[in-house]
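This report describes selected contacts in a protein model and the places in the chain that they connect. The structure is shown below, and the discussion follows it.

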Amino acid sequence: MPNTVSTRAIADKVRQQVSRKRWEHILRVAELAGEIAKANGLDPQKAYLAGLLHDVARELPEEELVRLCPPQNEVERSHPRSLHGCAGRKIADGWGVDDPEILDAVEGHVWGVSRGNLLGMAVYVADSSEPGRRVNERIRELALAGRLREAYAQAVAKKVEYLRAKGIPIHPRTLKSYAETQA
Ligand SMILES: [Fe+2]
């Protein structure tokens with residue numbers, strides 16, 4: 001974690017960007033990401049900070065998301081809301097968060113994280129399995145049992161299956177992460 005940015009200061013800034021309900025989700029994700037990190041030999045404070053930041057841009061108007069992250073492909077053009085990971089990264093970067101693993105975790109919580117970014121996997125799994133969602137309990141348990149890679153692979157697979165079943169176009173990065181993790 002960069003020593004110029006305190007977790008407390010980031011928490012205050014994030015809280016001002018989102019509704020109370022979203023803030024409660026964010027806190028649950030940060031807590032769980034920290035626990036998952038601990039269970040998998042990763043830095044819990046970094047995971048907590050990335051969890052705090054993951055949805056910072058979730059409630060920005062679409063025009064603002066598109067301004068921060070001009071769409072790069074058809075999926076992004078047709079689903080500008082999905083740009084909130086990329087936009088969150090830009091905001092975090094602007095606040096002085098300079099750890100590339102944390103920034104990748106924030107961006108990757110929507111489309112999937114870069115290969116080998118275990119911290120990002122912790123946030124992704126925490127986001128998809130935090131208790132408030134009332135789904136993916138098994139995935140959460142796997143991650144908390146020290147089997148984060150498996151948990152992440154299952155979470156990505158579940159997302160891909162869900163989107164396919166609904167006929168929703170899938171982001172290339174999600175497909176890439178899916179291919180990498182199912183191998
Ligand atoms: Fe999100």
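Is the disulfide of Cys69 and Cys86 left-handed or right-handed, judged by the torsion about the S-S bond? The torsion is about -95 degrees, so the disulfide is left-handed. The model is a predicted one, and this value, like the others below, is computed from it.

**The disulfide**

The structure holds 1 disulfide. Cys69 and Cys86 form it, with their sulfur atoms 2.1 Å apart. Cys69 is located in the loop between α4 and α5 (74-78), whereas Cys86 belongs to helix α6 (residues 84-94), so the bond ties together parts of the chain that are 17 residues apart in sequence. Both Cys69 and Cys86 are buried.

**The iron site**

Three residues serve as the protein donors of the iron ion: Asp55 through OD, His84 through NE2 and His109 through NE2. These donors lie 2.0 to 2.2 Å from the ion. Their spacing in sequence follows the pattern D-x28-H-x24-H. Asp55 is found in the loop between α3 (44-53) and α4 (62-68), while His109 is part of helix α7 (residues 100-111), so this pair ties together parts that are 54 residues apart in sequence. Asp55 is buried, as is His109.

**The aromatic pair**

The count of aromatic pairs comes to 1. The ring centres of Tyr124 and Tyr152 are 5.0 Å apart; their planes stand at 75 degrees, so the pair is edge-to-face. Planes over 60 degrees apart count as edge-to-face. Tyr124 lies in helix α8 (residues 118-129) and Tyr152 in helix α10 (residues 148-166), so the contact links distant parts of the chain, 28 residues apart. Tyr124 and Tyr152 are both buried.

**Packing of α6 and α7**

Helices α6 and α7 pack with their axes 7 Å apart, at an angle of about 165 degrees. The two helices are therefore roughly antiparallel to each other, given that angles over 145 degrees fall in that class. Their crossing is right-handed.

**Summary of the linked pairs**

The table collects the residue pairs discussed above with their separations in sequence.

| Pair | Location of the partners | Separation in sequence |
|---|---|---|
| Asp55 and His109 | loop between α3 and α4; helix α7 | 54 residues |
| Cys69 and Cys86 | loop between α4 and α5; helix α6 | 17 residues |
| Tyr124 and Tyr152 | helix α8; helix α10 | 28 residues |

Technical notes
Residues numbered from 1 in each chain as written. Predicted model: local features only at pLDDT ≥ 70, side-chain atom pairs only at ≥ 80, totals over all residues. Heavy atoms only, no water. Donors = N, O, S within 2.8 Å, 3.2 Å for Na, K, Ca; no water. Helix = DSSP H or I, 4+ residues; strand = E, 2+ residues; numbered from the N terminus. Buried < 20%, exposed > 50% of the residue type's maximum accessible area, 1.4 Å probe, protein only. Disulfide = S-S within 2.5 Å. Phe/Tyr/Trp six-rings, centres within 6.5 Å; stacked < 30°, edge-to-face > 60°. Axes fitted to C-alpha atoms, helices over the stretch in contact; angles between N-to-C directions. Parallel < 35°, antiparallel > 145°, perpendicular 65-115°, else oblique. Left-handed = near helix turned anticlockwise from the far one by under 90°.
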